[in-house]
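Here are a few questions about how features of a model get their labels. The structure comes first.

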Amino acid sequence: MSTARIRVTVHGDGAVADRIAERAGARPDLALVARTSGAEQPPSGTDCVIYAPAASEIAADAPKTAVPNLLRAGFDVVTTLPLDERLPEADILDACRAGESTFHASAGFQSAVAIRVVRTVAEVTRDIRRVELIEELRVPESGVYPWGSRAETGLGTSDGAAAEAAARSVAGYYEAGLRILDEAVFGDAAPGGAITVSVEAELGESGTVERIGVRRELGERIGYHSIWTAAEPAEAPEAAAAGAEAPGAEAPGAEAAEADLDRPPLRYRLVSATDGASGATTVDFRFISGLHPADHLTVVDALDALRSVAESEPGIARRDLAITYLKSDERLRR
């Protein structure tokens, strides 16, 4: 394995792209060349581009043009997008061949959780008949990737249709998670097929959306249920920590902040059933250095992919479900 520093340009709008650039610049194995957005091009000397488009860019199908152009120009690309209909495999492969470059789609934070947790459970559980992954996401005012604000999710708006549109705008992320569940648990025995989606927006007494539920089903054996709610105003973990460190004194709002911390901003529950029993595994994620755990996982996944992508042959690099490393997919390099 090479120890050379990888020269990185981070491209995209929004807070997650900013945080990726910040982390990349602080790592000794990476060299941050530039932070770009919009129509800006990576400067010469860039080895790999991390592309983290915001929801508005995804809605405009900007990645469909931007990613192949970067690959054709000879830049390796790691993106927070899933590889779905917005990034057709044939176009990506043609671009990789033309630029002798390598591509990896991390599919955001959902893939990290689904791959690691489900693979482990599947390896120690036999005769699984049904699996459901339940995501409980509490959204702060600033939003979580790829949304730049809570309002972009539909929460806090008076229009239930906005919530449904927001849920469907990130369908690729969740469908990637469903396919991963399908492969990890059932392998070749999985039925595959179309994914059905239902969205329910619940209005509060004020007439605004307080809860969004999204159910995605792949056949009768795989389900992915998302529950999105607004985080409480006292969501900064630093406030509660400050109160705890000062015996005999409470910071303003410390009690509310501490209560808020008892409700994790991101929780996953994996429920699996056999013919004779059922079991559940719960994983809670909390703030790290003030960063929402959903965004933290997105940042870490993108950065951790860089070394493997830089050392891979041209083509598409995929994440191996058993060991979670990246490896080139020989079927896609022909």
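Q: What makes up the lining of the second largest cavity, by class?
A: In this predicted model, that lining has seven nonpolar, two polar and two charged residues. The residues are I58, L81, P82, D84, R86, L87, S169, V170, A171, G172 and Y173. G172 falls in the polar class because Gly is counted there, and Y173 is nonpolar because Tyr is counted so.

Q: Which helix gives the largest share of this lining?
A: Helix α7 (residues 171–186) does, with three residues.

Q: Why is this space called a cavity?
A: A 1.4 Å probe fits there but cannot get out, so the term is cavity. The second largest cavity holds about 60 Å³ of space, and the structure has two cavities of 30 Å³ or more.

Q: What makes the second largest pocket a pocket?
A: A pocket is an open set of points, so the label differs from that of a cavity, where the probe cannot get out. The volume of the second largest pocket is about 310 Å³. Among its 20 lining residues, A15, V16, S142, G143 and D295 are the closest to the centre. Helix α1 (residues 15–26) gives the most to this lining, three residues.

Q: Why are strands β1 and β2 said to pair?
A: Pairing needs at least two bridges, and β1 (residues 6–11) and β2 (residues 30–36) have six, in the parallel sense, so they pair. The chain runs from β1 through α1 to β2 in a right-handed β-α-β crossover. In β2, A34 is the bridge partner of T9.

Terms used. Residues are numbered from 1 along each chain as its sequence is written. This is a predicted model: local features need pLDDT of at least 70, side-chain atom pairs count only at pLDDT 80 or more; totals for chains, interfaces and linings use all residues. Side-chain values use heavy atoms; hydrogens and water are left out. On a 1 Å grid over the protein atoms alone, a cavity is a set of points where a 1.4 Å probe fits but cannot get out, and a pocket is an open set with protein on both sides within 12 Å along at least five of seven lines; lining residues have an atom within 4 Å of a point. Grid points are joined across faces, edges and corners, and a volume is the space filled by probe spheres set on the points. Helices (H or I, at least four residues) and strands (E, at least two) are DSSP runs, numbered from the N terminus. A crossover is right-handed if, with the strands pointing away from the viewer, the path from the first strand over the helix to the second runs clockwise.
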